[in-house]
Amino acid sequence: MVLVHGFGANSDHWRKNIPVLAESHRVYSIDLIGYGYSDKPNPRELGDSPFYTFETWGSQLNDFCKDVVKDEAFFICNSIGGLVGLQAAVTDPTICKGIMLLNISLRMLHITKQPWFGRPLIRSFQNLLRNTPVGKFFFQTVATRESVRNILCQCYHDTTQVTEELVDSILRPGLEPGAADVFLEFICYSDGPLPEELLPQVKCPVLVVWGDKDPWEPIELGRAYGNFDSVEDFVALPGVGHCPQDEAPHLVNPLIESFAARHATMKI
């Protein structure tokens, strides 16, 4: 199993899942390039084309499986990590045995999901963040203990799970050199694939799991993903927010284990 975190998070976001899953599986949790303790190359030094994209991260995930795992793997993904897992599975269908999507990002800020009259304003705001000191100032206001705690309390329905350990695990890598440039680059990334574009192309089984109290990715919109042929089931988690693996591991870990057991012997 390879566990793939969401935006602004890192491999430590799976700290409540790894010990349980590792009792019966080989488990890896990666830091996507630009996040956690992975390298954070400056996007301005990498040419005119965007670097921090789902294609980049999908290639990283597949390369990790080839070079480190050296085997087929299940991808267990949260938030934007779900786009990474789907992109990787589409790019190379021989690697992924199955994907579990935990509150996958709907990408509501994608340019195609914005009204035509608002798109120039969005582009202007993105340029302001990326190319002026406003962006760095914005990041500095976000990259504080208080801001991180407040953001987590928004997306966790059970705020008792927002511990100092969690705040530290999210904040600490975000203070590393280069983190601000990655943050600003991604929040200005309005292109690339959508889940509804990737799901029809996936050849492996997909399980969609959704905390029904997610304020960022409404379950009412997420339910549509259960209608794709590649999706074997849509499971709602009552009273859970955007990061079910950390907020409700007692619900998520059994789902992961049963999903893997159902498809463990499947050959692609």
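Let me start with helix H8, residues 179-187. In H8, the buried residues are Ala179, Ala180, Asp181, Val182, Phe183, Leu184, Glu185 and Phe186, where buried means under 20% relative accessible area, exposed means over 50%, and partly exposed is in between, with a 1.4 Å probe and protein chains only. Eight of the nine residues of H8 are buried, so this helix is largely enclosed by the rest of the structure. Helices here are DSSP runs of H or I with at least four residues, strands are runs of E with at least two, and both are numbered from the N terminus.

A word on the source. This is a predicted model, in which local features need pLDDT of at least 70 and side-chain atom pairs count only at pLDDT 80 or more, while totals for chains, interfaces and linings use all residues. Residues are numbered from 1 along each chain as its sequence is written, and side-chain values use heavy atoms, with hydrogens and water left out.

Now the helix before it in the numbering, H7, residues 164-174. Its buried residues are Leu166, Val167, Ser169, Ile170, Leu171 and Pro173. What do they pack against? Their partners are helix H6 (145-155), H8 and helix H11 (244-247), with contact meaning heavy atoms within 4.5 Å.

Between H7 and H8 there is a loop, and Pro177 lies in it. Pro177 is exposed, at a relative accessible area of 74%. From Pro177 to Ser11 the C-alpha distance is 18 Å, with the two positions 166 residues apart in sequence numbering.

Next, the overall picture. The chain has twelve helices and six strands. Its radius of gyration is 18 Å, close to the 18 Å that the globule rule gives for 268 residues, so the chain is as compact as a globular protein of that length. That radius is taken over C-alpha atoms, and the rule is 2.2 Å times the number of residues to the power 0.38. The C-alpha trace spans about 55 × 40 × 40 Å along its principal axes.

Of the 268 residues, 51% are buried. Among contacts with a separation of 6 or more, 75% are between residues 24 or more positions apart. The accessible surface is about 12000 Å², and carbon and sulfur atoms hold 57% of it; the areas come from the Shrake-Rupley method with a 1.4 Å probe, and for residues only the protein chains shown count as cover.

On charge, there are 22 positive and 33 negative side chains, and the centres of the two sets are 2 Å apart. Lys and Arg count as positive, Asp and Glu as negative, and His and the chain ends are not counted. Each charge is placed at NZ of Lys, CZ of Arg, CG of Asp or CD of Glu.

Now some single residues, beginning with His5. His5 sits in the loop between strand E1 (2-4) and helix H1 (18-21). Is His5 buried or exposed? It is buried, with 0% relative accessible area. A polar atom of the His5 side chain lies 3.4 Å from the backbone oxygen of Ala9, and the side chain also reaches the backbone nitrogen of Leu32 at 3.0 Å. Polar contacts are pairs of N or O atoms within 3.5 Å; within protein, one must be able to donate a hydrogen and the other to accept it, and residues adjacent in sequence count only if both atoms are side-chain atoms. Leaving out residues up to four places away in sequence, His5 touches several others, including Trp14, Ile30, Tyr35 and Asn78.

Two non-glycine residues have positive phi. Lys70 has phi near 55° and lies in the loop between helix H2 (54-69) and strand E3 (73-78). Asn103 is at about 50°, in the loop between strand E4 (96-102) and helix H4 (119-131). Their surroundings: Lys70 is exposed at 62% relative accessibility, whereas Asn103 is buried at 0%.

Gln87 belongs to helix H3, residues 80-91. Gln87 is buried at 9%, and beyond its neighbours within four places it contacts Phe54, Glu55, Pro193 and Leu198.

Last, Val240, in the loop between strand E6 (231-237) and H11. Val240 is buried at 3%. Outside four places in sequence, its contacts include His157, Asp212, Lys213 and Leu251. Val240 and Gln201 are 39 residues apart in sequence and 29 Å apart in space, C-alpha to C-alpha.
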